[in-house]
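Grab a coffee and work through these exercises with the model open beside you. Try each task before reading its solution.

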Amino acid sequence: ATNLVTGVASANSDRAPMVVITGQAYVQRQHKESHQYIDVVSMFRPVTKWATSVIHPDNVPEVVRRAFKQATREKPGACHIEISNDIAALPATRNPVKVNYLRRSVADDKIVNMAMAVIRSAQNPIILAGNGTIRTRASKQLRLFTEMTGIPVISTYMGKGCISRDVDEVFYDWMQPKTLANAAIDAADVVITVGYDLVEFSPRSWNKWGDKRIVHIDFLPAVVDHNYQLEVEVVGDLAHTLWMMNERIRSIPQRWSSPTVPETRRQLLEMFAEHKDDRTEGIVKPQKALWDIRQALGPQDILLSDVGSHKMWIAQYYHCDEPNTCLIPNGFCSMGCALPGAIAAKLVYPERRILALCGD
């Protein structure tokens, strides 16, 4: 159980649904010092959405159903179930609890209208797309919104592929100082954050002076942060909110056409291709390696990045056609995830090519 903590903390911070089950010493000796006993549930509580111990065999169906419900609902994360030796040995008499698929709550029309009013008043808006946008329906609606409005999109590391790299308004996701993408955020008067978690990329990095007008669109209310003070907060199912916004744009079209967008795209594409024709003998630049990897992998093939300085090269030079095809842990950022992640990805998608990149 103690060896599980790092992986569970990583899943929880990266919004990955997970249910972990651990054993435990007999109930009769948990109140005292005992061989191999520690309070595992308390250890897991800070790194999970929910952690509990099964104290009666008939509770198993309810506990299991709640764990999976909590782990998979937005925003996803990790849950922990503990079963002691003596409880596990008892017969269970109750059947599994039925799975109910419920529609998520949606944002009110009035608050969506307020958000659209702020966006329509912007001279130079930009979209910051986070981890929540890699859900299939949300990704589709975000792409429609971008294509109709011309508003450029920058994604976080965990939002890679939310919009195809070939879309003219995509500014990719390099979130470091003195880059083209950051210059675009600096120039923006309104930042529309979509499915964005503060754990991915601190708002202090892109709103240091707190002067940006921010429209927050997400499944959950925003975390309170001095550099993330909101003009409008739209809470509800992300795909549905984006659909509501798209309907308003269709009704009253508005398109932003900043002359800097095509020029920024041109400079970004030139930067990505700068070393594509380098020789591959001797020392090979990371830019060349990643160019070749991108050419070799198909749109649905999956690249997994481990954690280290090589992650920054992947973030800057490897871009995607589809969501969930480049996985970069950027919440808890623990090392060692790429190899087991690649094995898991191959089990889930045996027909795809999977590549793990490790290093430092």
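**Exercise 1. Find what covers the buried residues of helix 11.**

Solution. Keep in mind that you're looking at a predicted model. Start with the helix itself: helix 11 spans residues 309-317, and its buried residues are His310, Lys311, Ile314, Ala315, Gln316 and Tyr317. Buried here means under 20% relative accessible area. Next, look for the cover. On the helix side, it includes helix 9 (260-273) and helix 10 (286-296). Strands contribute too, among them strand 9 (302-305), strand 10 (326-327) and strand 11 (354-357). Finally, check how the helix sits: helix 11 lies across strands 9, 10 and 11, at about 145° to strand 9.

**Exercise 2. Work out the strand order of the three-stranded sheet, and say which strands are its edges.**

Solution. Trace the pairing and you get 10-9-11, an open sheet with parallel pairing. Strand 10 and strand 11 each pair on one side only, which makes them the edge strands. Now zoom in on strands 9 and 10: they run parallel and are joined by two bridges. Leucine 304 faces leucine 327, the latter in strand 10. As a reminder, strands of a sheet pair through backbone hydrogen bonds, parallel or antiparallel.

**Exercise 3. Place helix 12 against the strands, then find the nonpolar surface patch that includes Ile343.**

Solution. Helix 12 covers residues 338-348, and isoleucine 343 is found in it. This helix lies across strand 9 and strand 11, running at about 175° to strand 11. For the patch, pick out Leu339, Ile343, Leu347, Val348 and Tyr349: together they make a nonpolar surface of about 520 Å².

**Exercise 4. Track down two residues other than glycine with positive phi, and decide how exposed each one is.**

Solution. First, the background: most residues other than glycine have a negative phi, and most peptide bonds are trans. Asparagine 324 goes the other way, with phi near 65°. Look for asparagine 324 in the loop between helix 11 and strand 10. Its relative accessibility is 37%, so asparagine 324 counts as partly exposed. Cysteine 333 also has a positive phi, near 55°. That cysteine is in the loop between strand 10 and helix 12. With a relative accessible area of 27%, cysteine 333 is partly exposed as well. Both values fit the cut-offs, because partly exposed runs between 20% and 50%.

**Exercise 5. Locate the cis peptide bond between glutamate 74 and lysine 75.**

Solution. Go to the loop between helix 3 (60-72) and strand 3 (78-84), where lysine 75 is found. Then check omega for the bond from glutamate 74 to lysine 75: it's near -10°, and the bond is cis.

**Exercise 6. Map the five-stranded sheet and a helix that lies across part of it.**

Solution. The order reads 5-4-6-7-8 in an open sheet with parallel pairing. At the edges you'll find strand 5 (153-155) and strand 8 (232-235), each pairing on one side only. From one strand to the next, the twist averages 20°. Take strand 7 (residues 213-218) and strand 8 as your sample pair: four bridges link them in the parallel sense. Histidine 216 stands opposite glutamate 233 of strand 8. Last, add helix 5 (residues 109-120), which lies across strand 6 (190-194), strand 7 and strand 8. The angle between helix 5 and strand 8 is about 135°.

Key. Residues numbered from 1 in each chain as written. Predicted model: local features only at pLDDT ≥ 70, side-chain atom pairs only at ≥ 80, totals over all residues. Heavy atoms only, no water. Patch = residues over 30% accessible without salt bridge, like charges linked within 9 Å, V, L, I, M, F, W, Y side chains within 5 Å. Areas by Shrake-Rupley, 256 points an atom, 1.4 Å probe, with all protein chains shown as cover. Salt bridge = Lys/Arg side-chain N within 4 Å of Asp/Glu carboxyl O. Buried < 20%, exposed > 50% of the residue type's maximum accessible area, 1.4 Å probe, protein only. Contact = heavy atoms within 4.5 Å. Pairing = 2+ DSSP bridges. Axes fitted to C-alpha atoms, helices over the stretch in contact; angles between N-to-C directions.
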